[in-house]
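Reader: Hey, I've just opened this one and don't know my way around yet. Can you walk me through it?

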Amino acid sequence: MPAVVSFHYTLRDPSGRVLDTSMGAQAVTYLEGAGQIIDGLDEQLRGAAAGLKTRVVVPSAKAYGERDPEQVQPVKRSQLPVEGELTVGDQFKTGDDQFAPTVTVVSIDGDEVLLDANHPLAGVDLTFDVEVLSTREATPEELRHGHAHGADGACGH
Ligand SMILES: [Zn+2]
């Protein structure tokens with residue numbers, strides 16, 4: 001039976017820089033094996049017990065994937081949905097859709113802008129310091145929905 005697990009985490013890149021943390025914010029709650037968190041973390045936390053503090057290293061292939069050089073392409077400045085100044089390193093969504101990819105400006109040469117559509121964490125091995133807060137059996141409803149529900153049984157759907 002898959003479990004529903006709640007945990008806090010701090011995410012670092014290989015240089016030790018903190019990329020993200022849930023500390024001081026809401027813990028993450030997920031249904032095991034349902035794709036709610038990245039695969040490599042899900043796999044390595046399988047069977048974890050409440051109170052466990054552990055460091056999980058997830059290779060990029062099991063996190064946000066490898067970088068794809070073909071995702072780096074030149075576009076015309078005038079075709080970009082960005083008003084005002086554009087600088088190298090800027091990130092923006094390519095559309096209004098919530099699933100529209102985020103691109104990063106690699107270089108600017110006159111009207112030609114080189115954009116990288118790889119996920120900013122593609123090719124990066126991720127280190128998670130995890131503290132498991134609680135685990136419980138998933139309810140039949142959660143299993144049907146394929147995701148964890150809140151402590152009050154609330155479902156976002
Ligand atoms: Zn649900």
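**Charges, metal and cores**

Author: Sure, let's start with Arg55: it counts as exposed, at 53% relative accessibility. Keep in mind that this is a predicted model.

Reader: Okay, which residue forms a salt bridge with Arg55?

Author: That's Asp129, and the closest N and O atoms of the two are 2.9 Å apart. Asp129 lies in strand S9 and Arg55 in strand S4, so the pair ties together parts that are 74 residues apart in sequence. Asp129 is partly exposed, with a relative accessible area of 21%.

Reader: Which residues are linked with those two in a network?

Author: Arg12 joins in: Arg12, Arg55 and Asp129 are linked in a network of salt bridges.

Reader: How many salt bridges are there in the whole structure?

Author: Seven, from a search of the whole structure. One of them pairs the side chains of Lys62 and Glu43, at 2.9 Å from N to O. That pair also links distant parts of the chain: Lys62 is in the loop between strands S4 and S5, while Glu43 is in helix H1, 19 residues apart.

Reader: And are those two buried or exposed?

Author: In between. Lys62 counts as partly exposed at 38% relative accessibility, and Glu43 counts as partly exposed at 43%.

Reader: Switching a bit: where is Glu32?

Author: Glu32 is in the loop between strand S3 (28–31) and helix H1 (39–44).

Reader: What's the nearest side chain of opposite charge to Glu32?

Author: Arg46, which is 4.3 Å away. Glu32 is buried yet has no salt bridge. A salt bridge needs the nitrogen within 4 Å of a carboxyl oxygen, so at 4.3 Å Arg46 doesn't make one with Glu32.

Reader: So which residue does Arg46 meet in a salt bridge?

Author: Asp42, with 2.7 Å from N to O. Arg46 is partly exposed, with a relative accessible area of 45%, whereas Asp42 is buried at 3%. Glu32 touches both of them, and its other contacts beyond four places in sequence include Pro2, Val5 and Leu45.

Reader: New topic. Which residues are the donors of the zinc ion?

Author: His145 through ND1, His147 and His149 through NE2, and Cys155 through SG, lying 2.0 to 2.1 Å from the zinc ion. The site is tetrahedral, with angles of 97 to 121° among the four donor atoms. Along the chain the donors follow the spacing H-x1-H-x1-H-x5-C.

Reader: Where do His145 and Cys155 sit?

Author: His145 is in helix H2 (residues 140–145) and Cys155 is in the segment after H2, 10 residues apart. His145 counts as partly exposed at 36% relative accessibility, and Cys155 counts as partly exposed at 26%.

Reader: Last thing: which residues touch the most other members of the largest nonpolar core?

Author: Phe7, Ile38, Leu41, Val58, Leu126, Phe128 and Val130, out of 20 residues in that core. Strands S1, S4 and S9 each supply at least two residues, and S1 gives the most, with five. As background, nonpolar side chains tend to be buried together in soluble globular proteins.

Reader: What is Val130 in contact with?

Author: Leaving aside neighbours within four places in sequence, Val130's contacts include Phe7, Tyr9, Leu41, Leu52 and Lys53. Apart from the largest core lies another core, of eight residues, among them Leu86, Phe92, Val105 and Val113.

Definitions and conventions
Residues are numbered from 1 along each chain as its sequence is written. This is a predicted model: local features need pLDDT of at least 70, side-chain atom pairs count only at pLDDT 80 or more; totals for chains, interfaces and linings use all residues. Side-chain values use heavy atoms; hydrogens and water are left out. Helices (H or I, at least four residues) and strands (E, at least two) are DSSP runs, numbered from the N terminus. Buried means under 20% relative accessible area, exposed over 50%, partly exposed in between (1.4 Å probe, protein chains only). Lys and Arg count as positive and Asp and Glu as negative; His and the chain ends are not counted. Contact means heavy atoms within 4.5 Å. Donors are N, O and S atoms within 2.8 Å of the metal (3.2 Å for Na, K and Ca); water is not among the atoms, so sites may look incomplete. Four donors count as tetrahedral if all angles lie between 85 and 135 degrees; four count as square planar and six as octahedral if opposite donors are over 155 degrees apart and all others between 65 and 115; anything else is irregular. A nonpolar core is a set of buried Ala, Val, Leu, Ile, Met, Phe, Trp, Tyr and Cys residues joined through side-chain atoms within 4.5 Å.
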